[in-house]
Structure formats: structure tokens, C-alpha cells
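Here are a few notes from my pass through this one, set out point by point. Have the model open while you read.

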Amino acid sequence: MTIFKKSSGPAPVSWFRRLGPGLITGAADDDPGGIATHSQAGAQFGLNLTWAVLLTYPLMTAIQSICARIGRVTGEGLAANMTRVLPRRLVGVIVLLLFVANTVNIGADLAAMGAAAQLVLGWGEKFFAIVFAAGSLLLQVFLPYHRYVHVLKWLTLSLLAYVGVVFTVDIDWGAVARAALWPQLAWSSDVLIVIVAMFGTAISPYMFFWQSAEEVEDETLAKGGSLLDHPEDAPAELDRIAWDTYIGMGFSSLISFFIVLTTAVTLHTAGITDIATSTQAAQALRPIAGEFAFLLFSLGIIGTGLLALPVLAGSAAYAIGELRGWRIGLEERPENAKAFYGVIALAFGLGLTMLFLPIDPIKALFWSAVLNGVIAVPLMIATMIVASSREHLGPFVAPLGLRIVGWTATAVMAVAVIAMFAI
């Protein structure tokens with residue numbers, strides 16, 4: 001297989017330019033909330049939950065590949081396809097819950113970004129949160145998608161800060177390998193809660209909608225049409241989607257692994273086992289791993305937040321717009337897609353409001369994770385039904401192996417939701 005698609009020009013398109021929806025979606029998964037979750041895993045249980053990151057990689061890769069394929073094959077986003085296998089009202093409820101969960105996530109991420117800026121500069125927590133929100137919103141509204149997507153792709157490099165932190169501390173790689181393959185873990189409700197949170201962070205509904213919608217955006221830009229209309233493009237396009245998703249989710253899992261690893265060998269070793277926020281993790285690193293590690297961790301929070309904000313707001317706008325039949329897309333001019341951009345602005349506005357209300361951002365993140373877990377299961381079931389249906393996808397149904405792993409991911413998420421309520 002190849003990740004290149006021959007262009008009409010004399011030179012092949014570079015591999016980095018061919019990466020897009022999968023890379024951005026995977027990187028956005030490591031938002032400040034995800035950083036806090038993986039920091040808590042490393043601080044509380046040391047190296048003993050590194051296996052959970054490895055396990056989620058094939059599961060999230062399968063479900064994201066399927067979502068991307070559905071968008072590229074049909075030329076429509078996930079919400080539009082959901083209405084073909086679920087009652088429209090049920091899809092409407094799911095999309096509404098998605099908007100609520102995403103808005104809470106936006107508020108929590110903005111709070112973490114503002115707090116990280118204050119850690120570095122010593123002032124301006126709410127000021128910088130407002131600046132970050134305004135800057136992200138203006139870029140989404142006024143910068144066309146074909147340009148904005150390059151901004152998002154370069155922002156993925158901010159995640160390398162967490163790779164850099166690893167090289168500032170001493171690590172026993174033999175112990176890391178042993179813990180990943182054979183963890184010494186006493187099962188308890190605390191362990192299950194963190195594992196559920198890790199699964200919920202890795203497999204999130206907003207990622208499903210975003211990657212599917214961006215495949216449609218890319219298709220529109222390329223003027224290639226859906227694969228149902230242009231089956232001759234299928235081999236190259238499906239190959240590209242596979243590699244884009246493998247690399248994007250691999251990047252996400254690698255960063256998550258390094259966050260667990262960093263906090264395990266620093267905070268856990270130092271006896272700091274209770275981390276509530278990403279900024280608390282950064283602050284705790286300062287006296288243990290040094291100023292450089294602290295700075296990298298803090299700047300990484302801001303960079304990943306800037307990457308996650310448009311994905312959270314945009315995925316909700318795509319889902320609502322598809323369901324309502326609006327003109328949608330980040331390539332559209334604001335005057336031509338007022339309702340679509342209105343949803344994005346509303347999500348940012350409500351998220352910012354949370355900063356000025358007596359709401360605990362950690363509790364808010366927990367409840368958004370509960371919502372994400374609840375709505376993920378019917379979404380994944382519906383997605384798998386669409387992915388297996390020749391009536392909807394014609395000859396481009398998902399391959400058997402991909403369907404098996406996709407249904408496995410759905411079962412794991414269902415068990416995680418049950419565990420979340422049973423604990």
C-alpha cells in the first residue's frame with residue numbers, strides 16, 4: 001500500500017500533505033482533558049496502566065477508519081448517514097447531547113489553557129482563555145478550510161512537547177516494557193474509574209463526526225465526488241484514509257503513552273498520586289523534573305487546546321447542520337452558512353461562560369465524559385450497521401477484519417459505560 005496519490009502534476013504529493021482528517025482528529029484527542037486523564041493514570045498507578053493506551057490504539061483506529069470511509073464513500077457526514085439506520089428523533093437527541101458534551105469540554109479546555117498561560121507568565125488566566133477562544137473562533141469563521149487545515153496540521157507538532165519531557169528524566173525502559181506487558185495491578189473501583197476514563201478519552205463521539213465531515217470537505221475541495229459516484233478513485237482514496245488514520249491514531253496513542261510514562265516516573269515515584277487537572281500535573285513536575293519539563297508540559301497544554309477547540313466546536317456544528325439540512329462547511333463564507341457558524345460561535349460563547357460560573361471544571365469534564373460514553377454506544381452501533389450495509393455503501397462496505405475490530409471497539413465501549421454507572 002502507499003500513502004501517496006498520483007497528482008496531475010509532474011511530482012507526487014508529499015506524504016505530509018496527504019495526511020489530514022485522521023492526523024488532526026487523532027492529535028485533537030489529546031486535549032487538556034485527555035492530558036489530565038492520562039496524567040492521573042500515571043501519577044496514581046505508575047507504569048501499570050500503560051497497557052491500556054496500547055489496547056485502545058487498534059480500537060480507536062478501526063472506528064475512526066470506518067467513520068472516515070462512510071464520509072468519503074457517501075459524500076455525506078455521519079449525522080446524515082445515522083438517520084438512515086436510526087429514528088431521526090433519536091439522532092436529534094444524540095446530536096443535542098453531543099453539543100452539550102462538546103461545550104462543556106470547550107469550557108474545561110479553555111480553563112486549562114488559561115491556567116497554563118498563567119503558570120508560565122504569572123498572570124492573565126481568564127484573559128488568555130478569552131484570547132484563545134476569540135482567536136480560534138475568528139480563524140474558523142474567516143479562514144477558508146483549505147488554509148485553516150494547514151494551521152491545524154502544524155499545531156499537531158505541539159504534542160511533541162510530551163515526547164520532549166520524557167528526555168528530561170531518567171527512565172528504566174525494561175521496567176516500562178514489563179509493566180506494559182505484565183502489569184502488577186490490584187483491581188479496584190479506583191482502577192476501573194481511571195480505565196473507563198482512558199477509554200472514554202480515546203473513543204469520543206466528536207472525533208467520529210469531525211473525521212467523517214472533513215473527508216467530505218476534502219472531497220468537495222478536490223471536486224472528485226463521492227466514491228459511489230466515482231468508484232475508480234476508491235483504491236487510492238481508501239488506501240489514503242487507512243494510512244491517515246493509522247498514523248493519526250498512532251500519534252495520539254504515542255503521546256498518551258508518553259504522558260502516562262512521564263507522570264509515572266516523576267510524580268508517582270515522588271509520591272504525588274492525585275492529579276485533578278493538566279495544569280496541576282505541569283505544576284507538580286516543576287520541582288521534580290525541572291523548569292524545562294514544566295515549560296514543555298505547560299506549552300503543550302496550550303497547543304493541544306488550540307488544536308482541540310475547533311474540532312469540538314466544528315464537530316457539533318457539522319452534526320447539527322447535517323441533521324437540519326443547512327449549508328455547512330468551513331470552506332463556506334460566513335454569509336452563506338450563518339447557522340453553521342452560529343453553532344460554532346454559540347459553543348465557544350457557552351464554553352467561555354463556564355469560566356465565570358461557580359462550576360467545577362473537573363466535575364464538568366467528568367459529566368461530559370459520562371455523556372460521551374452514553375452517546376458513543378448507539379452511535380458506534382449505528383456506524384457499524386452503515387459500514388456493513390451494501391444498501392448504503394454499495395461495494396465499499398468495510399472489510400471483514402475492520403468490521404470485527406469495529407464491533408469489538410463497540411463492545412468495549414458498552415462495557416466501559418456499564419462499568420461507569422456500576423462503579
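1. How do α2 and α13 lie relative to each other, roughly parallel or roughly antiparallel? Bear in mind that this is a predicted model. Helix α2 covers residues 21-28 and helix α13 covers residues 234-268, and the two pack at an angle of about 20 degrees. Angles under 35 degrees count as roughly parallel, so that is the label for α2 and α13. Their axes are 7 Å apart, and the crossing is right-handed.

2. Now the contact itself. On the α2 side you'll find Pro-21, Gly-22, Leu-23, Thr-25, Gly-26 and Ala-27; these meet Asp-244, Thr-245, Gly-248, Met-249, Phe-251 and Ser-252 of α13. Sorted by type, the residues of this contact come out as 5 nonpolar, 6 polar and 1 charged.

3. Helix α13 also turns up in a salt bridge: the side chain of Glu-237 meets that of Arg-72, with 3.0 Å from N to O. Arg-72 belongs to helix α4 (residues 50-74) and Glu-237 to α13, so this pair ties together parts 165 residues apart in sequence. A search of the whole structure gives 5 salt bridges.

4. I also checked the length of helix α6 (residues 88-121). With 34 residues at 1.5 Å a residue, α6 should span 50 Å, and its end C-alpha atoms are 49 Å apart, which agrees. Right after α6 comes Gly-122, and its phi is positive, near 90 degrees.

Conventions:
Residues are numbered from 1 along each chain as its sequence is written. This is a predicted model: local features need pLDDT of at least 70, side-chain atom pairs count only at pLDDT 80 or more; totals for chains, interfaces and linings use all residues. Side-chain values use heavy atoms; hydrogens and water are left out. Axes are lines fitted to C-alpha atoms, for helices over the stretch in contact, and angles run from 0 to 180 degrees between N-to-C directions. Helices (H or I, at least four residues) and strands (E, at least two) are DSSP runs, numbered from the N terminus. Angles under 35 degrees count as roughly parallel, over 145 as roughly antiparallel, 65 to 115 as roughly perpendicular and the rest as oblique. A crossing is left-handed if the near helix is turned anticlockwise from the far one by less than a right angle, and right-handed if clockwise. Contact means heavy atoms within 4.5 Å. Ala, Val, Leu, Ile, Met, Phe, Trp, Tyr, Cys and Pro count as nonpolar, Asp, Glu, Lys and Arg as charged, and the others, Gly among them, as polar. The expected span of a helix is 1.5 Å times one less than its number of residues. A salt bridge is a side-chain nitrogen of Lys or Arg within 4 Å of a carboxyl oxygen of Asp or Glu.
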